[in-house]
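Q: Please take a close look at one part of this model, a strand pairing and its surroundings. I would like a connected account, going from the backbone pairing to the side chains and then to other places in the chain.

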Amino acid sequence: MQWFRDAGVFKEASMQWIVDGGVWKEVSGAGQLLTPGDFFEGGYFMGRITQGGTAYALIVAPKTGGEANLPWSPATLATGVTDPVDGPGNTAALVAIGGKPAASFCHDLSLNGFTDWYLPATNELLEIMRFGSFLPTVDAFVNYYWTSTEDTTQNRAQRVIAGGGVAGGDPKGNYNRVRAVRRVAF
């Protein structure tokens, strides 16, 4: 899928597109083409998600400064933070509980002029991983990445496998990669 920005508004492309030398080019219509992997709003545009009737562009932080290798939580107690779509809400809840290094890393991040980074929810990260191959090699996803979604088993949280786009639970004390994300409303 491709989106474009026309007069500051994101629109899903409904016109013709072609691939020329590996780059998507607009055949007809107007606006700024926005394709997965484009650097935009402090990070890389990597898809979209809809929550509460609002569509959001998902922006992934660059690896340098925006990624860490951390445990989800040293504690195994259940948090009740299980929303598969609301990364910002999950992150805020986890930070309020305290002692959640992965969520705190993203929440506290100030990068490329933005401070609204968060730990993505499972469905957000799965959407992002669909377009993972569009990232520059230096910013590519590798291994496992935590989400802000707690697993149904209290001592586990959801993680997503880079390249495979498969979600599954992992013990919260394990170290996995964390990649900050932010949203921009369409």
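A: In this predicted model, Gln51 has its bridge partner in strand S8, namely Thr54. Gln51 is the last residue of strand S7, which runs over 43-51, and Thr54 opens strand S8, residues 54-60. The two strands pair in the antiparallel sense, and 6 bridges join them. Strands of a sheet pair through backbone hydrogen bonds, in either a parallel or an antiparallel manner.

The pairing of S7 with S8 belongs to an open sheet of 4 strands. Its order is S6-S7-S8-S14, and the pairing is antiparallel. At the edges stand S6 and strand S14 (181-185), each of which pairs on one side only. Helix H4, residues 122-130, lies across S7, S8 and S14, and its direction makes an angle of about 135 degrees with S7.

Before S7, the chain passes through the loop that follows strand S6 (39-40), and Glu41 is placed in this loop. Glu41 has a phi near 50 degrees, which is a positive value in a residue other than glycine. Is Glu41 buried, exposed or partly exposed? Its relative accessibility is 27%, so Glu41 counts as partly exposed.

Side chains add an aromatic pair at S6 and S7. Phe39 belongs to S6, and Tyr44 to S7. The structure holds 2 aromatic pairs, and Phe39 with Tyr44 is one of them: the ring centres are 5.3 Å apart and the planes meet at 85 degrees, so the pair is edge-to-face. Tyr44 has a relative accessible area of 10% and is therefore buried. The other pair joins Phe141 and Tyr145, also edge-to-face, at 4.9 Å centre to centre and with 80 degrees between the planes. Phe141 counts as buried at 12% relative accessibility, and Tyr145 counts as buried at 1%.

Two arginines of S14, which spans 181-185, lie over aromatic rings. The charged end of Arg183 sits over the ring of Tyr56, 4.6 Å from its centre; Tyr56 is a residue of S8. Arg182 lies over the face of Trp117, at 5.9 Å from the ring centre.

Trp117 falls in the loop between helix H3 (101-107) and H4, and this loop also holds Asn112. Phi of Asn112 is near 55 degrees, again a positive value in a residue other than glycine. With a relative accessible area of 43%, Asn112 is partly exposed.

Tyr145 leads on to strand S10, residues 144-150, where Thr149 is also placed. Thr149 is buried, as its relative accessible area is 4%. A polar atom of the Thr149 side chain lies 3.0 Å from the backbone oxygen of Asp83. Neighbours within four places in sequence aside, the contacts of Thr149 include Val81, Thr82, Pro84 and Asn90, together with Ala121 and Thr122. Thr122 is the residue at which H4 begins. Ala157 and Gln158 are also among the contacts of Thr149, and both lie in strand S11, residues 156-161.

S11 in turn pairs with strand S12, residues 167-171, in the antiparallel sense over 5 bridges. Within this pairing, Val160 has Ala167 of S12 as its bridge partner. The hairpin of S11 and S12 has 5 residues between the strands, and in it Gly163 takes a positive phi near 85 degrees.

Definitions and conventions: Residues numbered from 1 in each chain as written. Predicted model: local features only at pLDDT ≥ 70, side-chain atom pairs only at ≥ 80, totals over all residues. Heavy atoms only, no water. Buried < 20%, exposed > 50% of the residue type's maximum accessible area, 1.4 Å probe, protein only. Phe/Tyr/Trp six-rings, centres within 6.5 Å; stacked < 30°, edge-to-face > 60°. Lys NZ or Arg CZ within 6 Å of the ring centre and 35° of its normal. Pairing = 2+ DSSP bridges. Contact = heavy atoms within 4.5 Å. Axes fitted to C-alpha atoms, helices over the stretch in contact; angles between N-to-C directions. Polar contact = N/O pair within 3.5 Å; in protein donor to acceptor, adjacent residues only side chain to side chain.
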